[in-house]
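Me: Hey, can you walk me through this structure? I'm new to this, so keep it simple.

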Amino acid sequence: TGTLRLVLGDQLHPRLAALTDLDPGTDTVLMVEVADETTYVRHHKQKIALVLSAMRHFAQELRAGGVAVDYVALEDAGNTGSFTGELARAVARHRPGRVVVTEPGEWRVWTMMQGWRDEFGVPVEIRTDTRFLCPRDTFARWAEGRESLRMETFYRAMRRRTGLLMRDGAPVGGRWNFDHDNRRRLPADHRPPERLRFPPDAVTREVIALVARRFPDHFGDLDAFGWPVTRRDALRALAHFVEACLPQFGDYQDAMRADAPFLYHALIAPALNLGLLDAEEVCREAERAYEEGHAPLNAAEGFIRQILGWREYVRGLYWARMPDYAATNALGAERDLPWFYWSGETAMRCLADSVRATRRHAHAHHIQRLMVLGNFALLAGVRPAALEEWFLAVYADAYEWVELPNVHGMALWADGGILGSKPYAASGAYIDRMSDYCRGCAYDVRLKEGPAACPFNALYWSFLIHHADRLRPNPRLAMPYRTLDRMSAERRRAIVRDAARFLDGLSERPPEGEGRVE
Ligand code: DLZ
Ligand code: SF4
């Protein structure tokens, strides 16, 4: 009686914890395509295609290496449609001495796993996911007894732990953080580099056809699919990023441009979160590029902070605070998600372009996500769970461990300040400074009042007025509140009126006669 080793769809790493001591003579690897995982949120079509194609490629590679893989495809006869159902069937088929799994990326699946030992009557070993640089219990110990859990403190501890960009116990370059240098806007005549995309092979084409047939009314296009689905291609994507983009990644990491969804961004999160790459190797590549003089320090450090700092931090926070974390709603936001998040039909050019990129690529870069799509929902008072479901569904890289803290904590401040010291609220001026959106917009970003004014302006001030009790004491918001106090009462009334009128005009439903999506 060998060991049955379950590998989930976002655990496709060659040195996955559940596979380390695999004995090809006796053990079986189980992989299952199940309906529940494809529909627990209405994932973007490309996200489903990406996960299933990457799973099929991973199974092929294991088999080529002499490993017995029991692979259940989505449309196989008898497929029960859930992890628990498929594991039960597999235990009956193989009668293993034990089951080994790696801890999952979502609370939902974690609670499922807790019942497995009793349900199947075999020992179930849940192993620590060693793809992350900070294990869950290490983060929990770090977080214990701390009043605030700031990323920056965590990040410095992680730099020391890993030695990344460190020399003699001090940060290379004498500073921990070069963000200050990383806020340049893209010059109008600047041409960002061509990006390496990966045309679908036969396996991916078959999965794309399956997704088109099975999930026709899910959001998103399939025809622009270009994600790497194997470790080999993911490594090529990483090498291309380091070579062609990393040197300017820092400078332009916060810039936006219409019809340019990729710019200098790494585009590796989908592969990284699936397990095709791991955090350590990605950081070492960036460090090497700096050491070899290929990339400047502000770029390498900014990139490494995203992975070693931010990504590990949100994951630690997620596991330390779930399930209560998801339930908070510090600003009492109750609005349903505006329909344009699905349709893209809005005269606000920044939002329309960000939704369009999302539909076309299952991707938008972080300033589009945070300062356009997230910021709008924050100012409009969208119910956290509604926005979270949208983010979890539409992005190729989205799993709850990373999506939830970013949306709930960072974008919406729904945790009341555990993750971010202040809400990331901004008026149109921020978007204008960092993009070329406003020039071609139906609204005027310089106008503060009236129907032609950029809606972000009235929404921003109205948000501060509405939440003054809660936000005015925050020293980081002292400046905007001083500006607000200098406005006449009449002006403030006009702002509140404009914002309310705009929000009343939003629809949460498709226009008469239109389907749920598209
Ligand atoms: C996202 C996803 C999808 C669409 N389909 C599957 C699947 O059929 N089989 C599978 O093992 N995993 C899938 N996944 C990824 C899981 O949802 C993911 O492993 C859990 O949410 C835990 O992070
Ligand atoms: Fe967005 Fe306002 Fe600029 Fe239009 S004017 S693109 S709505 S920020």
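Reply: Sure, here's a short chat about some strands and a few backbone oddities. This is a predicted model: local features need pLDDT of at least 70, side-chain atom pairs count only at pLDDT 80 or more, and totals for chains, interfaces and linings use all residues. Residues are numbered from 1 along each chain as its sequence is written, with chains lettered from A and ligands numbered from 1 in the order in which they are written.

Me: Cool. Which strands does β4 pair with?

Reply: Strand β1 (residues 3–6) pairs with β4 in the parallel sense over three bridges, and β4 also pairs in parallel with β5 (residues 124–127), over four bridges. Strands here are DSSP E runs of at least two residues, helices are H or I runs of at least four, and both are numbered from the N terminus. Two strands pair if DSSP finds at least two bridges between them.

Me: What sits across from Val 100 in β5?

Reply: Glu 125 does. On the β1 side, Val 100 is the bridge partner of Arg 5.

Me: New topic: where's the cis peptide bond?

Reply: Between Met 322 and Pro 323, with omega about 5°. Pro 323 is in the loop between α13 (297–321) and α14 (340–343).

Me: And Leu 267, buried or exposed?

Reply: Leu 267 counts as buried because it has 26 C-beta neighbours inside 10 Å. The cut-offs: buried is 20 or more other C-beta atoms within 10 Å of a residue's own, exposed is 12 or fewer, partly exposed is in between, and C-beta atoms are placed from the backbone.
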